[in-house]
Amino acid sequence: MNSSRTPARDERLHGTHAAVIEWYRRASRDLPWRAPERTPWQVLVSEIMLQQTPVGRVLPVWRRWLEQWPEPGDLAAASPAEVLRAWDRLGYPRRALRLHAAAQNIAAEHDGRVPEDHAQLLALPGIGAYTAAAVAVFAFGQRHTVVDTNIRRVEARVFSGRALPSRSLTAAETRLAQDVLPQDIAESVAWNQAVMELGALICTARSPRCDECPVRRDCAWVAAGSPPAQETPRGQLWHGTDRQVRGAMMAVLRAADEPVRAQLLLTDLAGSEQIAGEHAAPPAVVIERLGALWRLPVPAEQRERALNGLLADGLATSDDGAVSLPG
DNA sequence: GACCCGTGGTG
DNA sequence: TCACCAAGGGT
């Protein structure tokens, strides 16, 4: 987009700001990490959990998590196994380990308080450009450019006239987000929050509800006749992937109170009968998870690769041929 | 940039 | 049904 500032452009942009922020006041969701009494730690935990994970699935886990570990120091003192079990099925369990590591860093290096400084936030494990900006903005009220998938999509449509943003974040998108960010600090905070919410509720990826959009008259994409996306994103593979196997193994380990023989994790449905005879029967829940793992139609070597991946990532430990959650 | 990393709801 | 999608980060 043309970044030159003209009175006409500034006035129109101001109108867009006002319309989106007003819509937010009227239509935004009432989420606990937005409550006036929220703490920076609560915001940070929410941002990590919300990475690639829908709000509805995060809510119950977030509540339990902060009840159990109300301050960074509380989480820092927990074991990785406790942390991974509390993470439950949010997905991408590496995020849980990184949040744990971040809490330990905060406890050791920042006197147990979430740092306000953007660069210090960025230095924490599991916190990248988006999350550092989001915490600085939503927890501390600073002026930073927040660029998440919602904001990218809204700005691609409204300002660039494109149906969808590019596959990966480009420098041009970041520049655009910086260009359209209000100068006033309080307004910039409101804008970041409001645009993200607009993308989540109205300007959605699949079937946007343009008839409810507060800026449909300012939208370059609508003005162009809402042309369809040029390239469809290649879908995330799942069936038959390492990720599927790793996920099934983690489900077993989360359910197991005691270490699980590696043999039980590496066999398939065909091999399970003879294996089962050689071991004491695990609890029913573990058997159920094992059954799901055994049923996956993947070769033995893939099961080994998946387990080695879990061990390498610190999501599991192995002792004398028995596997369990770490620590 | 490309690729890897979970999980489950949904159009 | 099934591919798409979700407040990304690290390598």
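## Protein surfaces facing two DNA strands

Among the atoms of DNA strand B that lie within 4 Å of the protein, 57% are part of sugar or phosphate, and the rest belong to bases. This is a predicted model, in which local features need pLDDT of at least 70 and side-chain atom pairs count only at pLDDT 80 or more, while totals for chains, interfaces and linings use all residues. Residues are numbered from 1 along each chain as its sequence is written, chains are lettered from A and ligands numbered from 1 in the order in which they are written, and side-chain values use heavy atoms, with hydrogens and water left out.

**DNA strand B.** The protein surrounds this strand with 19 residues, of which Arg57, Pro93, Arg243, Arg246 and Gly247 are the closest; a residue is near a strand if one of its heavy atoms lies within 4 Å of it. By class, the surface near DNA strand B holds 4 nonpolar, 6 polar and 9 charged residues, where Ala, Val, Leu, Ile, Met, Phe, Trp, Tyr, Cys and Pro count as nonpolar, Asp, Glu, Lys and Arg as charged, and the others, Gly among them, as polar. Helix H13, which spans residues 242-255, gives the most to this surface, with 5 residues; helices are DSSP runs (H or I) of at least four residues, and strands are DSSP runs (E) of at least two, both numbered from the N terminus.

**DNA strand C.** Here 29 residues surround the strand, and the closest are Trp33, Leu50, Thr131, Arg153 and Gln236. Of the atoms of DNA strand C within 4 Å of the protein, 62% belong to sugar or phosphate and the rest to bases. The surface near DNA strand C has 12 nonpolar, 9 polar and 8 charged residues.

**Polar contacts.** The table lists contacts between N or O atoms of the protein and the DNA, a polar contact being a pair of such atoms within 3.5 Å.

| Protein atom | DNA atom | Distance |
|---|---|---|
| Threonine 53, side-chain N or O | Strand B, base nitrogen | 3.1 Å |
| Arginine 94, polar side-chain atom | Strand B, sugar or linking oxygen | 2.8 Å |
| Glycine 247, backbone N or O | Strand B, phosphate oxygen | 3.3 Å |
| Glycine 128, backbone N or O | Strand C, phosphate oxygen | 2.9 Å |
| Threonine 131, polar side-chain atom | Strand C, phosphate oxygen | 2.5 Å |
| Asparagine 150, polar side-chain atom | Strand C, phosphate oxygen | 2.9 Å |

The elements that give two or more residues to the surface near DNA strand C are helix H6 (94-109), helix H8 (129-138), helix H9 (149-158) and helix H11 (185-201).

Definitions and conventions:
Polar contact = N/O pair within 3.5 Å; in protein donor to acceptor, adjacent residues only side chain to side chain.
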